[in-house]
Amino acid sequence: MLKRVQHDKTMLREIHIKNFAIIDEITVEFAEGLNIFSGETGAGKSIIIDALNLVLGERGFTEQIRTGADASVIEAIFDVEAGRDLLLRNKGIDIDDSNILILKRELNKSGKNKCYINSSPVPLNTLYEIGVQLVDIHGQHEHQALLKSETHIEFLDNFAVLTNKVTEIKELFLKLNTLKTKKENLTIDEHEKTRKIDLLSFQINEIEDANLKAGEEEELKSEKTILMNAQKIFNLADESYSKLKGEGVNVLNETNKIINILKEISAMDAKISSCVDVCEKAKADLDEVGYFLREYKTKIIADDKRLEEVEDRLDLVGKLKRKYGDNFDAILVYKEKIKEELNSIIKSDEEIKKIDEEIIKGQGELVKLSLEVSKMREKASKSLQEKVVAELKNLGMENINFSVCISHIEENNPPIPPCQGGDKYKVFENGMDIVEFLISPNPGEELKPLSKIASGGEISRVMLALKVVLAKVDKVPVMVFDEVDSGIGGRIAEAVGKKLKVVSKNYQVICITHLHQIAGFADIHFKVWKETSNKRTKVLAEKLDNKGQVEELARMIAGEKITDSAIKHAQELLYSCRVKQTK
């Protein structure tokens, strides 16, 4: 049974991973503040973050299941502070008085994946919706995304809290595109319009003039068979009638004789009276057949003209079936369909006029909303610039010049600076703005796109600065960094470590690093390594005590061969970082 640990903020307490990638089974218990993972390259540090991603609702693959296992199971346990539990309850997630939230994800070889929140099964998208409220993971894909200018507008919108308004723009944009497509489908040239009206009118008239009736084809086929065999049918009916009621010996006369004989017997033996009843009923039925045959044969006439009419009618029905449907119902359905199409074409001018009115109205709303959002972005961009520059200076980029550039596109023209005349700008699905982050790392250099000028280390620090600034807006309580030390070292690494430490005062931070300058600031330090046993490799993780932390820092400083000098350096580093933490 999990014991409640009192925290005044939401945090990840524990993750349990079983049969995931090369992980056999491990449990990692986190703490408040800065949680550092270190280990040799390829030790499996990032696999732990991959598992966390999975339990937070990211897409999973059966290839991630450990070889030989049928399923992977990842379970993450969170402490949830007051206020955020209400947000979860609004999504139908029950949290008891312990305020413990347990997310669980199972990947199965069968492809049937299961998701749970506090033991209750939930859809994957619910797991994701909860996950993004709890943890912000920065990995290599985000690192690369920052180099793509089209992603920059999302950073600005998140900072400006514009997500809802941008969603409105996207919905309006989609509605307008749908209306324009509908108009295009209705708009045809006059010659084509006349041709279609004539064709559809002809088809409708052809079906209606035929005046088809349900079951008519079967009746016509039956009548055709009778007409083609009229003489033979008459002869057989006449012969049958003669044998029943004809002159001389016939069935009815003989039946009367049998009835009289049976009556004579029944006078002496009552048991035979039932036979009399049967024969009398048979005589009545045969008499009925006789009357029917007499009438029936008078109606059987070899009528070549009627036969021709029936065959012509059957030919017409067959022709309509070949053209418009396999049966009577299908032909009628087709007729109603082309009636609607004809009506739409005839009224297309009127409908196009209505669509044009809707488009004009929608475009007005879209431009108005896009202008409103554009002004909000413009205002927010200045604040974002100031905050990111301030963070970058703390990260050792004292001379940085960072700019959020917003431009617009006029129809058939290149980008231009923003101005008030928004009605002439091209509007996209997220508004009329083109947003790009520009940087000048050194004094005297002009601002250029990040992808053109920034090194790996600079990109890492820009992303960290953005994450820190956006975290204050998003209020996501847990921040995970898997690539924050890419391309940096020395003094800059120490600055990044300091910043992570500062951030961890307000957020729980989990960071994978290869740099001792960053690892020295850890509140909790985990060492990750691989071990091979019985020809199987597995990942192990250990929370280090003070001695273990010194040894791991020494390894990070000196490599595999740990010297006394490296131990001393590690001790000094650890002491130095702790002193700096108190300042």
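**Exercise 1. Describe the overall build of the protein chain, starting from how many of its residues are buried.**

Solution. Buried residues account for 43% of the 583 residues in the protein chain, and the model examined here is a predicted one. The next step is the secondary structure, which amounts to 20 helices and 16 strands. The radius of gyration of the protein chain is 44 Å, well over the 25 Å that the globule rule gives for 583 residues, so the chain is more spread out than a compact globule. The extents of the C-alpha trace can be set beside this value: along the principal axes it spans about 140 × 75 × 45 Å. Finally, when contacts between residues at least 6 apart in sequence are considered, 71% of them join residues at least 24 apart.

**Exercise 2. Characterise the surface and the charges of the protein chain.**

Solution. Begin with the accessible surface, which comes to about 32000 Å², with 50% of it belonging to carbon and sulfur atoms. Then turn to the charged side chains, of which 87 are positive and 99 negative. The centres of these two sets lie 5 Å apart.

**Exercise 3. Is Arg377 buried or exposed, and which residues is it in contact with beyond its neighbours in sequence?**

Solution. First place the residue: Arg377 belongs to helix H14, which covers residues 348-394. Its relative accessible area is 0%, and because buried means under 20%, Arg377 is buried. With neighbours within four places in sequence left aside, the contacts of Arg377 include Ile153, Leu156, Asp157, Leu162 and Val166. Further along the chain, Arg377 is also in contact with Ile406, Asn430, Gly431 and Asp433.

**Exercise 4. Work out how Val388, a residue of helix H14, is placed.**

Solution. Val388 has a relative accessibility of 0% and therefore counts as buried. Leaving aside neighbours within four places in sequence, the residues in contact with Val388 are Phe402, Ala465, Leu466 and Val469. A distance to another part of the chain can be added: Leu574 is 186 residues from Val388 along the chain, and the C-alpha atoms of the two are separated by 29 Å.

**Exercise 5. Classify the aromatic pairs in which Phe437 takes part, and state which parts of the chain they link.**

Solution. The structure as a whole holds seven aromatic pairs. In one of them, the rings of Phe155 and Phe437 have centres 6.1 Å apart and planes at 55°, so this pair is tilted. The pair links distant parts of the chain, since Phe155 lies in helix H5 (residues 152-159) and Phe437 in strand S11 (residues 434-440), 282 residues apart. Phe155 and Phe437 are both buried.

The second step concerns Phe402 and Phe437, whose ring centres are 5.3 Å apart and whose planes stand at 55°, so this pair too is tilted. Here the distant parts that are linked are strand S9 (residues 401-409), which holds Phe402, and strand S11, which holds Phe437, with the two positions 35 residues apart in sequence. Phe402 is buried, as is Phe437. Phe402 has appeared before, as one of the residues in contact with Val388. Apart from these pairs, Phe30, Phe37 and Phe526 form one aromatic cluster.

**Exercise 6. Where do Asn19 and Asn211 lie, and what is the sign of phi at each?**

Solution. Asn19 is in strand S1 (residues 11-20), and although it is not a glycine, its phi is positive, at about 55°. With 15% relative accessibility, Asn19 counts as buried. Asn211 lies in the loop between helix H7 (190-210) and helix H8 (216-228), and it likewise has a positive phi, of about 50°, without being a glycine. At 47% relative accessibility, Asn211 counts as partly exposed, because that category runs between 20% and 50%.

**Exercise 7. Which residues are in contact with Ser46 when its neighbours within four places in sequence are left aside?**

Solution. Ser46 is located in helix H1, which covers residues 45-55, and with a relative accessible area of 31% it is partly exposed. Its contacts, once those neighbours are left aside, are with Asp482 and Ile512. As a last step, consider Glu483, which is 437 residues from Ser46 in sequence but 9.7 Å from it in space, C-alpha to C-alpha.

Key
Residues are numbered from 1 along each chain as its sequence is written. This is a predicted model: local features need pLDDT of at least 70, side-chain atom pairs count only at pLDDT 80 or more; totals for chains, interfaces and linings use all residues. Side-chain values use heavy atoms; hydrogens and water are left out. Helices (H or I, at least four residues) and strands (E, at least two) are DSSP runs, numbered from the N terminus. The radius of gyration is taken over C-alpha atoms; the globule rule is 2.2 Å times the number of residues to the power 0.38. Buried means under 20% relative accessible area, exposed over 50%, partly exposed in between (1.4 Å probe, protein chains only). Contact means heavy atoms within 4.5 Å. Accessible areas come from the Shrake-Rupley method with a 1.4 Å probe; for residues, only the protein chains shown count as cover. Lys and Arg count as positive and Asp and Glu as negative; His and the chain ends are not counted. The place of a charge is taken as NZ of Lys, CZ of Arg, CG of Asp or CD of Glu. Rings of Phe, Tyr and Trp (its six-membered ring) pair if their centres lie within 6.5 Å; planes under 30 degrees apart count as stacked, over 60 as edge-to-face and the rest as tilted.
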